[in-house]
Number of protein chains: 2
Amino acid sequence: MLSLTEENYLKAIYHLSNDGTKGVTTNMLADQLSMRAASVTDMIKKLATKDVISYEKYKGVNITPAGKKIALYIIRKHRLWEVFLVDKLKFQWDEVHDIAEQLEHIKSELLIKRLDEFLDYPSVDPHGDPIPDEHGELAVAKKLQIAECLPGQLMQVIAVDNSDAQFLKHLDRIGIYLGAKVKVLETVEFDGSVEIEIDRRPSVYISKQTAENILVTEK
Amino acid sequence: MLSLTEENYLKAIYHLSNDGTKGVTTNMLADQLSMRAASVTDMIKKLATKDVISYEKYKGVNITPAGKKIALYIIRKHRLWEVFLVDKLKFQWDEVHDIAEQLEHIKSELLIKRLDEFLDYPSVDPHGDPIPDEHGELAVAKKLQIAECLPGQLMQVIAVDNSDAQFLKHLDRIGIYLGAKVKVLETVEFDGSVEIEIDRRPSVYISKQTAENILVTEK
DNA sequence: AAATTAATTTAGATTTAACTAAAAATATTT
DNA sequence: AAATATTTTTAGTTAAATCTAAATTAATTT
């Protein structure tokens, strides 16, 4: 059983690992947790003895499968509580983080099972981030091109399939960025262009070619 | 701002104070908290410097008005969470204590405001204990004689109005004690006697005189 | 490749909240 | 009221989680 502090370190390690980095450094963690490097060194030694991370002096840490499972359960709890706060208690999505940071450490498996049921098994939190399931599995978001979406669907931009500077500049101009919420309004039969609404602003048309190069996932 | 540990001490002091004791002793607290007396001495010194209790060596402690307000707010949070767990998450009333012990320490005034609203401003928790209001006021339970109750009401014994040994012995024999749950079934017109059910056991009749001397409150 | 800079670890200190053992104060019994 | 027992406090330790300062290792520059 991990202490609250250990849980927070593990969560930070998980998040940093997922940002592409393999081998999370002491300084990255110190930074993320607003703590001194020396304190981090102490704690990662402790976490390593608990087999939730692997650690080699001066080489940074990597999360183990056991550690990942624990981290994902904490994230599951965090995101379920965020859904509760927004859906049931009428908080704004940007007000809930600090409260969920506290609630995620409450210990009771039954509580989380019942909360999940009460919220009708949500698959994403209010920020659009996926909620790991009971077994610590993250549903892999199905990637779709905007061109493939059905009218009416609310999607979130997760990637682009083209790194051409002209293309990226175009996206920027129409207001599309990673994480933007896009509602598909209509597909034009004639030329395959698509009418979309970005972040609830007035709708715009994008060409078929553009719509094929923006990857989204169900929100 | 009190630490989680300090909050737990303060709550224990509040509860012990309310059991009639004025001057909560070190050993009572050690007992209640499953802690050694020496540890308690350390902590009460600390709480005294924070002006939430008053303390004189070897004389025990008393809660201050400031301390009482904080204790009541913790109790408010505890009881609101219990209502949430039972009413919304379908827990049994006897399963919720440990979880509420954790939830009561979550820090966010807005959260508790919203939770209160979501639960439709309950006045008692699932054990029938009153929930302090935002200002730390406990609704004073209205005392009634059993003789005055309407049939169907579920009440809880809070006092007796007679300290005659014979009377108390009679109460003991029929199974009435402070805290007992009493359901009033019927009042007999003829002689004013009352049929009641005590703690869900088979019903008994008590005389008008007995019914006038047992004070209960709405459960 | 030597020198310099940056990152990391070690060593030792601090704070919080616990503990044990011994001393001191208070309460109870004879 | 002395003796005994109980309660409470003091003194000194321990463990967790932090810190600073110094030492060590790794990375970068010249």
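Of the atoms of DNA strand C within 4 Å of the protein, what share belongs to sugar or phosphate, and what share to bases? In this predicted model, sugar or phosphate holds 85% of those atoms, and bases hold the rest. The protein side of this contact comprises 21 residues around DNA strand C. A:K45, A:Y55, A:K57, B:S39 and B:K46 come nearest to the strand. Both chains are thus named in that list.

Several polar contacts to DNA strand C can be specified at the atomic level. A polar side-chain atom of A:Y55 sits 2.4 Å from a phosphate oxygen of the strand. For A:K45, an N or O atom in the side chain is 2.5 Å from a phosphate oxygen. Chain B takes part through B:Y9, with a polar side-chain atom 3.5 Å from a phosphate oxygen of DNA strand C. Four elements give two or more residues to this surface: α2 (26–33) and α3 of chain A, and α1 (4–18) and α3 of chain B. The largest share, 5 residues, comes from α3(B). By class, the surface near DNA strand C divides into 9 nonpolar, 7 polar and 5 charged residues.

DNA strand D was examined in the same terms. It is surrounded by 21 residues, and the closest are A:S39, A:K46, B:K45, B:Y55 and B:K57. Sugar and phosphate make up 80% of the atoms of DNA strand D that come within 4 Å of the protein. Chain A supplies several polar contacts here. In A:S3, a polar side-chain atom is 2.7 Å from a phosphate oxygen of DNA strand D. A:R36 uses its backbone: an N or O atom there lies 3.2 Å from a phosphate oxygen of the strand. A:Y58 approaches another type of atom, with a polar side-chain atom 3.3 Å from a sugar or linking oxygen of DNA strand D. Two or more residues each are given to this surface by α1 (4–18) and α3 (37–49) of chain A, and by α2 (26–33) and α3 (37–49) of chain B. Of these, α3(A) gives the most, with 5 residues. The surface near DNA strand D holds 9 nonpolar, 7 polar and 5 charged residues.

The protein–protein interface was considered next. Here 19 residues of chain B are in contact with 19 residues of chain A. The two chains bury about 1,600 Å² between them, and 74% of that area is on carbon and sulfur atoms. B:L89, B:Q102 and B:R114 supply 30% of the area that chain B buries against chain A, more than any other three residues. The rule finds 0 salt bridges across this interface. Polar contacts are present, however: 6 residue pairs are counted between chain B and chain A, with both residues at pLDDT 80 or more. On the chain B side, α4 (65–88), α5 (97–103) and α6 (109–118) each give two or more residues to the interface. The most come from α6(B), with 5 residues. The side of chain B that touches chain A has 12 nonpolar, 3 polar and 4 charged residues.

Over all chains, the salt-bridge count comes to 18. One of them joins the side chains of A:K11 and A:E104, at 2.8 Å from N to O. A:K11 lies in helix α1 of chain A and A:E104 in the loop between α5 (97–103) and α6 (109–118), so the pair ties together parts that are 93 residues apart in sequence.

The sheet of chain B was then traced. Its 6 strands form an open sheet in the order β3-β8-β4-β5-β6-β7, with antiparallel pairing. Strands β3 (144–145) and β7 (204–206) of chain B stand at the edges with a single partner strand each, so one side of each has no neighbour in the sheet. Within the sheet, β4 (residues 154–160) and β5 (residues 181–187) of chain B pair over 3 bridges in the antiparallel sense. B:Q156 stands opposite B:K181 in β5(B).

In chain A, strands β4 (residues 154–160) and β5 (residues 181–187) pair over 3 bridges, also in the antiparallel sense. A:Q156 has A:K181 in β5(A) as its bridge partner. β5(A) further pairs with β6 (residues 194–198) of chain A over 5 antiparallel bridges. There, A:T187 stands opposite A:V194 in β6(A). The hairpin of β5(A) and β6(A) has 6 residues between the strands, and A:G192 takes a positive phi near 75° in this hairpin.

Conventions. Residues numbered from 1 in each chain as written. Chains lettered and ligands numbered in written order. Predicted model: local features only at pLDDT ≥ 70, side-chain atom pairs only at ≥ 80, totals over all residues. Heavy atoms only, no water. Near = heavy atom within 4 Å. Polar contact = N/O pair within 3.5 Å; in protein donor to acceptor, adjacent residues only side chain to side chain. Nonpolar A, V, L, I, M, F, W, Y, C, P; charged D, E, K, R; others polar. Contact = heavy atoms within 4.5 Å. Buried area = accessible area lost by both parts, 1.4 Å probe. Salt bridge = Lys/Arg side-chain N within 4 Å of Asp/Glu carboxyl O. Pairing = 2+ DSSP bridges.
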